[in-house]
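Got the viewer ready? Let's take a short walk through this one, one selection at a time.

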Amino acid sequence: MKKNGAVIVVGLLALFIGLILSIQISTNAGSDQGGLVPLAKLKGYEVELNKVKEEKAVALQQLIDLEKRLTDIESEKAEEDTFVSGMVSDLEKYRMFSGVVDVQGPGVLITVNDPVADKYQEDYSIITNNFDLLLGLVNRLKEAGAEAISINEQRISNTTEISLAGSNVNINGTPTAPPYYIKAIGNPQTLDGALNLRGGMIYIMKAKYNLVVDTEIKDKILIGRYNDVINFKYAEPIPEAKN
Amino acid sequence: MNRRNILIFLLCVMLGFGIIIQGKATHGEMLYVSAKTITDYKTTIESEKIEIEKTENLIEKSKKELALYEDSSTDNADLLVSNIEKEKNLYGMFSGGTFTECSAVQWN
């Protein structure tokens with residue numbers, strides 16, 4: 001009887017440990033690795049995303065206000081002095097060409113997304129792992145005369161990189177995820193024609209990689225500015241006399 | 001008899017503990033989501049945070065320039081002109097519109 005009692009106690013203890021372990025495993029599995037996830041957790045991500053988007057909008061508005069005040073002061077000075085007026089005009093031209101101002105005009109919007117996959121493939125992103133296709137698209141758009149390009153609101157500038165970093169594609173040092181929205185300002189028909197050639201970039205993306213690619217011609221498209229401080233550590237301008 | 005009572009008491013405590021944990025671990029309604037969806041959420045949040053940081057850096061830069069322009073104790077006309085010249089060189093270099101020089105590696 002005493003022996004049986006000990007067996008029952010050990011059995012119940014084992015049951016208890018099993019219960020604790022199963023709870024622990026199910027809690028971890030439902031957090032970051034997909035599977036059955038509590039709805040509250042998903043809503044938490046949505047709330048956090050909305051919060052950071054609002055914070056970004058506030059910061060952007062503050063920046064716009066400050067830059068307007070700076071431009072007003074520069075314009076006032078330019079009106080008084082023709083030398084300054086010429087400098088300000090050059091500065092605006094260089095700013096535009098550097099991509100540090102918002103621009104708008106006719107162009108195309110290209111949407112690139114992964115194919116609809118079955119549940120065994122849904123965790124693998126084809127476009128992320130073949131990010132060089134995005135580089136190819138940008139190159140083809142530039143070749144077709146695009147004056148401004150952005151991918152997921154990241155303006156393509158002279159220093160922009162498009163590189164794989166873990167499970168994301170980094171553009172301007174910022175992680176991005178599919179779907180990719182590529183905006184380009186230029187002659188819409190030329191841009192669209194250059195991309196949709198038979199055997200061209202979009203043909204390859206659809207036929208070889210099975211990606212979902214959609215091109216829309218737009219009368220007016222807005223491309224945001226390059227959003228970072230520009231610093232040169234090594235390069236220096238050469239005075240005009242030396243050019 | 002005493003030992004048996006202690007064992008029963010301990011078992012009851014553990015069972016109670018287990019039931020409470022089970023109750024606390026209940027998350028309400030569950031939904032099937034792929035790992036990619038969660039990663040994409042995290043990436044987008046991370047991306048927005050980086051954008052906020054970059055914008056704040058630009059705000060700092062603009063504030064410094066504005067303070068420079070509005071500083072009434074100095075001759076702000078000269079400061080303004082020299083700052084426009086500096087900005088013109090910076091954006092000229094960034095856009096590739098001006099000649100630049102630096103120590104570098106050259107491949108032939």
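How far apart are the end C-alpha atoms of helix 3 of chain A, and what should its 17 residues span? This is a predicted model, so pick residues 82-98 of chain A and check. At 1.5 Å a residue the expected span is 24 Å, and the end C-alpha atoms are indeed 24 Å apart, so the two agree.

Stay on that helix and color Val84(A), Val88(A), Leu91(A), Tyr94(A), Arg95(A) and Ser98(A), which are buried. Now look down the axis of helix 3 of chain A: these buried residues fall within an arc of 125 degrees, so they line one face. An α-helix has 3.6 residues a turn, so residues three or four places apart point the same way. On the face turned away from the buried side, select the exposed Thr82(A), Gly86(A) and Ser89(A). Just after the helix comes Gly99(A), with a positive phi of about 85 degrees.

Zoom out to chain A: its domain assignment gives domain 1 at 39-98 and domain 2 at 103-223. Their centres, taken over C-alpha atoms, are 25 Å apart.

Next, show chain B. Starting at the N terminus, its elements run α-β-α-α-β, and of its 108 residues 20% are buried.

Last stop: where the chains meet. Here 65 residues of chain B are in contact with 68 residues of chain A. Select helix 2 (35-70) of chain B, which gives the most to the side touching chain A, with 28 residues. That side of chain B divides into 28 nonpolar, 20 polar and 17 charged residues.

How values were computed: Residues are numbered from 1 along each chain as its sequence is written. Chains are lettered from A and ligands numbered from 1 in the order in which they are written. This is a predicted model: local features need pLDDT of at least 70, side-chain atom pairs count only at pLDDT 80 or more; totals for chains, interfaces and linings use all residues. Domain bounds come from an automatic or database domain assignment. Helices (H or I, at least four residues) and strands (E, at least two) are DSSP runs, numbered from the N terminus. A residue is buried if 20 or more other C-beta atoms lie within 10 Å of its own, exposed if 12 or fewer, and partly exposed in between; C-beta atoms are placed from the backbone. Two residues are in contact if their C-beta atoms, placed from the backbone, lie within 7 Å. Ala, Val, Leu, Ile, Met, Phe, Trp, Tyr, Cys and Pro count as nonpolar, Asp, Glu, Lys and Arg as charged, and the others, Gly among them, as polar. The expected span of a helix is 1.5 Å times one less than its number of residues. The arc is that of the directions from the helix axis to the C-beta atoms.
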